[in-house]
Amino acid sequence: MKKQFFGTDGIRGTVGSYPITPDFMLKLGWAAGRVLGAEQGSKILIGKDTRISGYMIESALEAGLSAAGVDIQLLGPMPTPAIAYLTRTLKAQAGIVISASHNPFADNGIKFFSAEGTKLADDVEHAIEAELQKEIACCESAVLGKASRVSDAPGRYIEFCKNTFPAELNLKQLKIVVDCANGATYHIAPKVFTELGAELISIGASPDGMNINHGYGSTHPENLQKEVLAHKADLGVAFDGDGDRLIMVDHEGQLVDGDQLLYVMAMAAYAKGGLKGGVVGTLMTNLGLEHAFEQHEIPFSRAGVGDRYVMEQLLDKNWRLGGESSGHLICLQQTTTGDGIVAALQVLAAIVEQGTSLKELASGMKKYPMVLINVRVTEKPDLDNHAEIQSAVAAAEAELADSGRVLLRPSGTEPLIRVMVEGQDKSQVESVANKLADMVKKTLT
């Protein structure tokens, strides 16, 4: 059954537009409390990123949870993966994250974590939506939930992150520029890297409630590239607004994306016999990564787009490493969800252990040229059952043969068909992509 409010990564939208409104958040807190805090004495954590709207949403959720008889522990501004970790270690029944990730400050949203620090199962989200259809019924005063603040939340998470880095190593030989996107990692990431010994330059670490992701962070790496070159740093690290996404920059100012970082981590684990199975990417993972793994006979599998689907495959296969080109990287050996700081530390450990550079470690994977064209359509067709389009895709795949890949998929949020073509020959990729996009336009618009 289709969910009304929950998408692939919680509930998200523009603040002030339904459902990102105070009245809905009040009711969502109550509904979540009824489902997730059903047992007596339950507690639910709430953390947030640095958006100004976080104060309003936090207060509304707190009131709703209290009305449902659930105690609340407030974490303040914390990265999304920190809330997953603290939910698990503080033995809470659930954790709530107030964040819209890499979106601009005018947006906000809600993500949930289970008691195990994982995203909620579909049936639990359905149960919350069912409660949302009911009228709020406040508990009697004697059993209303109480709220308290976890004052040492940042310190707990900083120590956790540091403990995912090998105890025998340090970062004393590295000069690192860290871009916190003026988001939730601003008071966490600099301390993690500094306490491990790095010489650090911080940018995007002065949030004002409205500058999150604005010109900084993993979706705007231009400033990071400039600062790495200006300071002659060994590398740069950039997170998104809620800290679950990571991209890096090498000492020459070149971007190193999620696919390349996945390659670096996988090869480091493989060299030590610690990979434990294979690696999960997505339908958008660069073909160059798949071919690089083939050379080492490392199993590779593609999931649907979204870290939720990467996680599902990892758990199903009992593998430990997966991620997306955008920088959502999941290291189940270290934690239960995608974590930008933890992933960065695994890459840094490989650099220190092997006494080399990020550029050198990433060079073992050749990124193939990729062209992505968005075709606007009036309605989303069933592409699998559209004979003319499938014939065109087959012709494109035949032209590319084993040197490329074609993917057509409807956008999950907009009336678009995404036409993706990648391969070893850039001019051929561009030609095939343009022909295919033109065909889709003529057929569907």
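**View 1. Lining of the largest cavity in the predicted model**. Ten names make up this wall. From the N-terminal part of the chain come Phe6, Thr8, Asp9 and Gly10. Lys111, Phe112, Lys119, Leu120 and Glu125 also line the cavity, as does Arg308. The enclosed volume is about 70 Å³. By class, five lining residues are charged, three are nonpolar and two are polar.

**View 2. The aromatic pair Phe6 and Phe112**. Both residues also belong to the lining of the largest cavity. Their rings sit 5.9 Å apart, centre to centre. The planes make 50 degrees with each other, and the pair is classed as tilted. Phe6 lies in the segment before strand 1, while Phe112 is in strand 5 (residues 107-114). The pair therefore ties together parts that are 106 residues apart in sequence. Across the whole structure, the search finds nine aromatic pairs.

**View 3. The second largest cavity**. Its volume is about 30 Å³. Thr80, Lys111, Lys119 and Asp244 line this cavity, together with Asp307, His328, Thr337 and Gly338. Lys111 and Lys119 are also named in the lining of the largest cavity. No nonpolar residue takes part here: the lining divides into four polar and four charged residues. The model has two cavities of 30 Å³ or more.

**View 4. An open four-stranded sheet**. The strand order is 13-12-14-15, and the pairing is mixed. Strand 13 (300-303) and strand 15 (329-331) stand at the edges. Each has a single partner strand, so one side of each is left without a neighbour in the sheet. Neighbouring strands are turned by 20 degrees against each other on average, direction ignored. Strand 14 (residues 321-323) and strand 15 run antiparallel and are joined by three bridges. Gly322 has Ile330 of strand 15 as its bridge partner.

**View 5. Helices against the sheet**. Helix 9 (residues 287-295) packs on the sheet and touches strand 12 (279-282) and strand 13. The direction of helix 9 makes about 155 degrees with that of strand 13. Helix 10 (residues 307-317) lies across strand 12, strand 13, strand 14 and strand 15. Helix 10 runs at about 140 degrees to strand 13.

**View 6. The largest pocket**. This pocket has a volume of about 1500 Å³. Its lining counts 41 residues. Closest to the centre are His102, Arg245, Val305, Glu324 and Arg409. Strand 1 (11-14), helix 8 (258-271), helix 10 and strand 16 (370-376) each supply at least two lining residues. Helix 10 gives the largest share, three residues. The same helix is the one that lies across the four strands of the sheet. By class, the lining holds 17 polar, twelve nonpolar and twelve charged residues.

**View 7. The second largest pocket**. About 350 Å³ of space lies here. The lining has 16 residues, and the closest to the centre are Met265, Ala269, Gly274, Gln334 and Gln346. Helix 8 and helix 11 (340-354) are the elements that give two or more residues to this lining. Helix 8 also supplies at least two residues to the lining of the largest pocket. Eight lining residues of the second largest pocket are nonpolar, five are polar and three are charged.

Methods: Residues are numbered from 1 along each chain as its sequence is written. This is a predicted model: local features need pLDDT of at least 70, side-chain atom pairs count only at pLDDT 80 or more; totals for chains, interfaces and linings use all residues. Side-chain values use heavy atoms; hydrogens and water are left out. On a 1 Å grid over the protein atoms alone, a cavity is a set of points where a 1.4 Å probe fits but cannot get out, and a pocket is an open set with protein on both sides within 12 Å along at least five of seven lines; lining residues have an atom within 4 Å of a point. Grid points are joined across faces, edges and corners, and a volume is the space filled by probe spheres set on the points. Ala, Val, Leu, Ile, Met, Phe, Trp, Tyr, Cys and Pro count as nonpolar, Asp, Glu, Lys and Arg as charged, and the others, Gly among them, as polar. Two strands pair if DSSP finds at least two bridges between them. Axes are lines fitted to C-alpha atoms, for helices over the stretch in contact, and angles run from 0 to 180 degrees between N-to-C directions. Contact means heavy atoms within 4.5 Å. Rings of Phe, Tyr and Trp (its six-membered ring) pair if their centres lie within 6.5 Å; planes under 30 degrees apart count as stacked, over 60 as edge-to-face and the rest as tilted.
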